[in-house]
Amino acid sequence: MAPDATPAPFDRLEIQVGPHTYDALACGPADGEFVLLLHGWPEFADSWSAVLTALGAAGYRAVAVDQRGYSPRARPPRIADYAVPELVADALAFADSQGADRFHLVSHDWGGMVAWALAGAHPERLKSLTVLATPHPDALNRAAAEDSTQHHMLDYVRFFRRDDGAAEAALLADDAARLRAAYGGKVPAALVDGNVRRLSEPGALTATLNWYRAPESVISVPAGRITVPTLFLWGSEDVALGRGAAESTGEWVDGPYRFGILEGASHWLPEEVPGLVTPPILEHLAQYV
């Protein structure tokens, strides 16, 4: 991200993890409770702009990172480099870099998959978990197996998993018409334009699609049972992640759990309805400081 592209009033960070350098946006006092925000596909850290601002104003130190494949200097070449354990290790390293032994984790879409996996494997690191849109992977797997509608809602994932360049070509053709259409008109035009520009850079889109290609099957994300306090928010008009998986997610959560349905909202919750998601996030975090 170019310095002049940093949205005010955020700090621009560079986080070094092994050989990779990650770009990040931060808001709030340096000594505030640490909140890590993980974006989804095809988004970047700035998808959290409104939520970051609110968290910072509430006294948290909130950091949203352009994750592996999204940061130009963190774009390894192999599909295997984007396996979920690698993405979980990145997230833990982001917190470590900011001196946070325990932290709050807020996530959306693919970031939610990483968050479920992290919470299941490393509950000792989390004070709280918040997931927007993304059901627990096991709930989604069961729904896809039992419900043909949910199965076909994931057809786009099957297309993205092709590694012959067809997905990249289709998404970027005609001024990235299909990539732009993915946002369903729910994301501000300036954010869409910025995302398209950055994903059109050589190798960028392939790197982000490798998140889909690395698992053994469509949604084979290891997560396990969740014991940390969890907030899950889901939009009733989500075209990829259906009601059945959303409503059954609590079956995999053993810790304190709150599930909220945002009627009329689509998949793109951080950008579309930040005014609806931010109050419950703040309420959730405040219970577990």
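# A tour of the predicted chain

Start by selecting D109, which sits in the loop between β5 and α3. The model on screen is predicted. Check the backbone of D109 here: phi is positive, about 55 degrees, although D109 is not a glycine. Is D109 buried or exposed? D109 counts as buried because its relative accessibility is 8%, and the cut-off for buried is under 20%.

**Into strand β5**

Next select H104, placed in strand β5, which covers residues 103-108. The relative accessibility of H104 is 0%, so H104 counts as buried. Now show what surrounds H104. Beyond its neighbours within four places in sequence, H104 is in contact with E33, F34, V35, L36, Y60, K127, S128, L285, Y288 and V289. One of these contacts, S128, also leads to the next stop.

**Helix α12**

Move to H284 in helix α12, residues 274-286. H284 is buried, with a relative accessible area of 5%. Residues up to four places away in sequence aside, H284 touches S128, L129, T130, P229, T230 and L231. Draw a distance from H284 to T230: the two residues are 54 apart along the chain, and their C-alpha atoms are separated by 8.2 Å.

**The largest cavity**

Turn on a cavity display. Rolling a probe the size of a water molecule over the atoms shows where empty space is left. How many cavities of 30 Å³ or more are there? The count comes to 1. About 160 Å³ of space lies in the largest cavity. Which elements give two or more residues to its lining? They are α3, residues 110-121, and α6. To find the place, select W110, M113, Y156, Y212 and L241, which lie nearest the centre of the largest cavity among the 14 residues that line it. Colour this lining by class and 11 nonpolar, 2 polar and 1 charged residues appear.

**The largest pocket**

Keep Y156 selected. The largest pocket has a volume of about 400 Å³. The residues closest to its centre are W41, Y156, A182, V239 and W268, out of 21 that line the largest pocket. Show helices α6 (155-160) and α7 (166-181), each of which supplies at least two residues of this lining. By class, the lining of the largest pocket divides into 14 nonpolar, 3 polar and 4 charged residues.

From W41, step along the backbone to P42. The peptide bond that joins W41 and P42 is cis, with omega about -10 degrees. P42 is placed in the loop between β3 and α1, the latter being residues 49-57.

**Helix α7**

Go back to helix α7 and select D175, which is found there. D175 is not a glycine, yet its phi has a positive value near 55 degrees. Is D175 buried or exposed? D175 is exposed, because its relative accessible area is 57% and the cut-off for exposed is over 50%.

**The loop after β2**

Now select P29, in the loop between β2 (20-27) and β3 (34-38). P29 has a relative accessibility of 33% and therefore counts as partly exposed. Not counting residues up to four places away in sequence, P29 touches G56, G59, Y60 and R61. Y60 has appeared before, among the contacts of H104. Draw a distance from P29 to Q16: these residues are 13 apart along the chain, and their C-alpha atoms are separated by 21 Å.

**The whole chain**

Finally, zoom out and colour by secondary structure. The chain has 12 helices and 8 strands. Taken along the principal axes, the box filled by the C-alpha atoms is roughly 45 × 45 × 35 Å. How does the radius of gyration fit a compact globule, and what is the value for the chain? A compact globule of 289 residues would have a radius near 19 Å, and the chain has 17 Å, which agrees.

Switch to a surface view. The chain exposes about 11000 Å², of which carbon and sulfur atoms supply 54%. Buried residues make up 57% of the 289 residues. For a contact map, consider contacts between residues at least 6 apart in sequence: 75% of them join residues at least 24 apart.

Definitions and conventions
Residues are numbered from 1 along each chain as its sequence is written. This is a predicted model: local features need pLDDT of at least 70, side-chain atom pairs count only at pLDDT 80 or more; totals for chains, interfaces and linings use all residues. Side-chain values use heavy atoms; hydrogens and water are left out. On a 1 Å grid over the protein atoms alone, a cavity is a set of points where a 1.4 Å probe fits but cannot get out, and a pocket is an open set with protein on both sides within 12 Å along at least five of seven lines; lining residues have an atom within 4 Å of a point. Grid points are joined across faces, edges and corners, and a volume is the space filled by probe spheres set on the points. Helices (H or I, at least four residues) and strands (E, at least two) are DSSP runs, numbered from the N terminus. Ala, Val, Leu, Ile, Met, Phe, Trp, Tyr, Cys and Pro count as nonpolar, Asp, Glu, Lys and Arg as charged, and the others, Gly among them, as polar. The radius of gyration is taken over C-alpha atoms; the globule rule is 2.2 Å times the number of residues to the power 0.38. Buried means under 20% relative accessible area, exposed over 50%, partly exposed in between (1.4 Å probe, protein chains only). Contact means heavy atoms within 4.5 Å. Accessible areas come from the Shrake-Rupley method with a 1.4 Å probe; for residues, only the protein chains shown count as cover.
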